Amino acid sequence: MSHFQNITSSSIIFLLTGVPGLEAFHSWISIPFCFLYVTALSRNNLILFVIVIQPSLHEPMYYFLSMLSTTDLGLSVYTLVTMLGIFWFNAREISFTACLSQMFFVKLFTVMELSVLLAMAFDRFVAISNPISYATILTDSRIIQIGVAIVIRGTLMLTPMVALLMRLSFCHSHVLHYSYCFHPHVMKLSCTDTRINSAVGLTAMTSTVGVDSILIPLSYVLIIKTILSITSPEERKKAFSTCISHIGAIAIFYIPLISLSFVHRFGKQAPAYVHSMIANTYLLIPPVMNPIIYSVKTKQIRRAVIKILHSKGT
């Protein structure tokens with residue numbers, strides 16, 4: 001790998017990075033990451049299982065929660081193999097095709113997660129502002145349509161961004177900075193003009209993450225306005241309490257993302273392992289924390305989980 005030639009992307013082998021400077025401790029570092037993955041996989045599967053088998057949870061709010069758990073599972077699965085492969089076996093090599101696949105699905109599930117959070121904000125707005133017509137507005141068929149639209153939207157917007165990488169040639173270092181393939185880093189390794197790629201990528205992110213990031217706060221402006229118009233203090237408190245879990249999920253999504261962006265922009269003097277550790281954890285925090293938030297803050301979910309665990313114990 002010391003001599004890099006100008007070769008086509010189809011024959012490229014990239015090298016992923018674990019935690020620079022701490023390679024000797026990869027086995028130890030893998031322990032907390034493995035724990036996080038097990039927690040994410042088990043808790044999100046439990047949420048899905050509980051929603052499927054409990055008829056009392058067959059409501060729009062919980063259908064959207066099942067979508068959120070599905071996207072969290074997708075994020076966990078598509079980063080699990082390469083991250084633990086590096087920590088356990090020093091398996092750093094990844095083909096260009098595998099890199100494209102991982103990059104696409106990590107991006108897709110990230111975009112889908114934010115879209116689901118937007119759909120959940122819409123669900124809370126309808127439930128609070130028009131509770132009488134709630135069931136007739138958010139019917140099962142309409143929820144399915146929303147779910148399909150979320151998948152199609154993400155796929156259509158992200159496919160050109162990832163597919164355009166196939167036109168690039170790579171003649172520089174093939175070492176990626178993270179333990180998973182990240183679109184901007186792959187572009188930086190190319191010796192081809194990437195202005196088209198950057199423009200398409202910016203358009204895709206603006207049309208998905210950018211739009212949803214604007215619509216979610218606007219939704220909560222309407223939700224808060226509606227809550228404040230309720231005359232009864234008890235009803236206001238009850239209405240706001242139904243939003244607590246969702247607000248927590250939004251915070252869990254944005255805080256790691258903002259932290260990573262902040263470190264990239266202002267933490268250039270920080271050791272390389274700081275960047276790597278934050279990058280490795282920011283995709284794991286939502287899958288780990290979302291099931292915990294909804295299990296703790298949502299009474300119906302908590303009761304259903306306790307019931308399932310109690311039945312298993314007996």
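1. Helix H12, residues 299-313, is the main contributor to the positive patch, giving 3 residues to it. The members of this surface patch are Lys238, Lys299, Arg302 and Arg303. Bear in mind while looking at it that this is a predicted model.

2. Arginine 302 is worth a closer look within that patch. This arginine sits in helix H12 and is partly exposed, at 33% relative accessibility. Patch members need over 30% relative accessible area, so with 33% arginine 302 passes that cut-off. If you skip the neighbours within four places in sequence, arginine 302 still touches Ser295, Val296 and Lys297. There is also a long-range pairing to check on screen: valine 50 is 252 residues away from arginine 302 in sequence, yet their C-alpha atoms are 9.9 Å apart in space.

3. On to the salt bridges. How many does the structure hold? The count is 3, and I'd go through them one at a time.

4. Start with arginine 153 and aspartate 212, whose closest N and O atoms are 2.9 Å apart in a salt bridge. Why does this pair tie together separate parts of the chain? Arginine 153 belongs to helix H5 (residues 140-163) while aspartate 212 belongs to helix H7 (residues 195-228), so the bridge links parts that lie 59 residues apart in sequence. The two partners sit in unlike surroundings: arginine 153 is partly exposed, with 24% relative accessible area, whereas aspartate 212 is buried, at 1%. The cut-off for buried is under 20%, so the 24% of arginine 153 leaves that residue in the partly exposed class.

5. Next, arginine 124 and aspartate 123. Their side chains form a salt bridge with an N to O distance of 2.9 Å. Are these residues buried or exposed? Both arginine 124 and aspartate 123 are buried, so by the cut-off each has under 20% relative accessible area.

6. The remaining bridge joins the side chains of arginine 195 and aspartate 193, with N to O at 2.7 Å. Here arginine 195 is exposed, at 65% relative accessibility, and aspartate 193 is partly exposed, with a relative accessible area of 38%. Exposed starts at over 50%, which is why arginine 195, at 65%, gets that label and aspartate 193, at 38%, does not.

7. For the backbone, have a look at asparagine 90. Its phi is near 55°, a positive value in a residue other than glycine. Most residues other than glycine have a negative phi. Where does asparagine 90 sit? The residue is in the loop between helix H2 (60-89) and strand S3 (93-95). Its relative accessibility is 52%, so asparagine 90 counts as exposed, the cut-off for that class being over 50%.

8. Last on my list is histidine 26, in helix H1, which covers residues 26-53. Histidine 26 is buried, at 7% relative accessibility. What does this residue touch, leaving aside neighbours within four places in sequence? Histidine 26 is in contact with Gly18, Val19, Ile86 and Phe87.

How values were computed. Residues numbered from 1 in each chain as written. Predicted model: local features only at pLDDT ≥ 70, side-chain atom pairs only at ≥ 80, totals over all residues. Heavy atoms only, no water. Salt bridge = Lys/Arg side-chain N within 4 Å of Asp/Glu carboxyl O. Buried < 20%, exposed > 50% of the residue type's maximum accessible area, 1.4 Å probe, protein only. Helix = DSSP H or I, 4+ residues; strand = E, 2+ residues; numbered from the N terminus. Patch = residues over 30% accessible without salt bridge, like charges linked within 9 Å, V, L, I, M, F, W, Y side chains within 5 Å. Areas by Shrake-Rupley, 256 points an atom, 1.4 Å probe, with all protein chains shown as cover. Lys, Arg positive; Asp, Glu negative; His and termini not counted. Charge placed at Lys NZ, Arg CZ, Asp CG, Glu CD. Contact = heavy atoms within 4.5 Å.
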